Amino acid sequence: MANPGRSCPRHYRYSPAAFARPADIKAQSLYVAGGLYGNPFALEAVLDLARREGATLVFNGDFHWFDVDPAGFRALNETVLQHAALRGNVETELASEDAGAGCGCGYPEWVGDAEVGRSNRILQRLRETARGFPDLRARRGGRHMELVAEVGGLRVGIAHGDAESLAGWQFSQEALRERPERAQALLAGAGVDVFACTHTCLPVMQDFATPRGTALIVNNGAAGMPNFRDTRFGLATRIASEPSTQALYGTRLGAIVVEAVPVRYDHDAWMARFDCVWPAGSPASVSYRERIASGPGYDVEQALRTGSSTGALSRAA
């Protein structure tokens, strides 16, 4: 493993054809929440969203990251694992003592070396916490990397990364803008109508023409951190027959809507918790505190990339 944090092990990989199978779960309403990043207040907000409409909930990886305090680590892990939960690169690396992959993020070239190094150090500290819970490490390591759901006849592929790797960046907003043809091929190979992912930290919703018709890639960015400039909430993906009054943006595929729904957690409580465990100068504070405080330099208009063929929904105020 030549470049920890950039290179990924072979066991991270799978074929797009892994999604071309009968659905593992069927739901009337489905929430997909990736990237909690150890935020317990975001976890409570996601649970409340799903509970209010009796929706099925899937956590698609990286539910751990900033939660290096043992009590918080255990509580978050036990709650998440009561639901369908796929492993991301963080959970995969926590289940192992092999440091060769670093954080397992598979960072592309546009991410600087300093940031990659800080992420590797965050994972090292989190692994120290995880060693105190061997039973939880074993349960995480045994989680699947991909899942197929069905909502109102739509086939939904779910993974942490893209359609060929749990740490893949082909479905990042950058790659979908610069290399849409690669994403289109992967989406077609997966044989799904919607592919719900996370991992790359910035949200995007983009449609493509495939042999099945119009299909959609929806990346929720992060459930546990702000995703847009001057905001203080995370995002989850919602797929259902009726639109949500809370949706920030979305689009329609036939009779089903696919939406980005705000995860409105207690911002002040989360900032206080974060600063307690990751003080100024720590790797997580340097890399993430500004984003957690006020969001990244990214706007809602950059995330929604659907054509008129899918009938984009109006954004909620």
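Let's start in a loop: Phe63 sits between strand 3 (56–60) and helix 2 (70–80). Keep in mind that this is a predicted model. From that loop, the tour moves on to a seven-stranded open sheet and to helix 7 (residues 180–190), which packs on the sheet.

**The loop after strand 3**

- Phe63 has just 2% relative accessibility, so it counts as buried, the cut-off being under 20%.
- Phe63 and Gly224 are 161 residues apart along the chain, yet 8.5 Å is what separates their C-alpha atoms.
- His64 belongs to the loop between strand 3 and helix 2 as well.
- Is His64 buried or exposed? With a relative accessible area of 0%, His64 is buried.
- The side chain of His64 makes a polar contact of 2.6 Å with the side chain of Asp67.

**The sheet**

- Reading across the open sheet, the seven strands come in the order 1-5-6-7-9-8-13, and the pairing is mixed.
- Strand 1 (25–27) and strand 13 (304–305) are the edge strands; each has a single partner strand, so one side of each has no neighbour in the sheet.
- As background, strands of a sheet pair through backbone hydrogen bonds, in either a parallel or an antiparallel way.

**Strand 8 and its partners**

- Strand 8 (residues 204–210) runs parallel to strand 13, and two bridges link the pair.
- On the strand 13 side, Leu304 is the bridge partner of Met205.
- With strand 9, strand 8 pairs in the antiparallel sense, this time over seven bridges.
- Strand 8 and strand 9 make a hairpin, with two residues between them.
- Across from Asp207 you'll find Leu216 in strand 9.
- How many of the seven residues of strand 8 are buried? Six of them are, so to speak, under cover: strand 8 is mostly covered.

**Helix 7 on the sheet**

- Helix 7 touches strand 6 (154–159), strand 7 (194–197), strand 8 and strand 9 (213–219).
- The direction of helix 7 makes an angle of about 70° with that of strand 8.
- Which residues of helix 7 are buried? They are Ala183, Leu186, Leu187 and Ala190.
- Look down the axis of helix 7 and these buried residues fall within an arc of 100°, so they line one face of the helix.
- The buried residues of helix 7 pack against strands 6, 7, 8 and 9, and also against helix 6 (173–178).
- Just past the end of helix 7 comes Gly191, with a positive phi of about 65°.

Definitions and conventions: Residues numbered from 1 in each chain as written. Predicted model: local features only at pLDDT ≥ 70, side-chain atom pairs only at ≥ 80, totals over all residues. Heavy atoms only, no water. Pairing = 2+ DSSP bridges. Helix = DSSP H or I, 4+ residues; strand = E, 2+ residues; numbered from the N terminus. Contact = heavy atoms within 4.5 Å. Axes fitted to C-alpha atoms, helices over the stretch in contact; angles between N-to-C directions. Buried < 20%, exposed > 50% of the residue type's maximum accessible area, 1.4 Å probe, protein only. Arc of directions from axis to C-beta. Polar contact = N/O pair within 3.5 Å; in protein donor to acceptor, adjacent residues only side chain to side chain.
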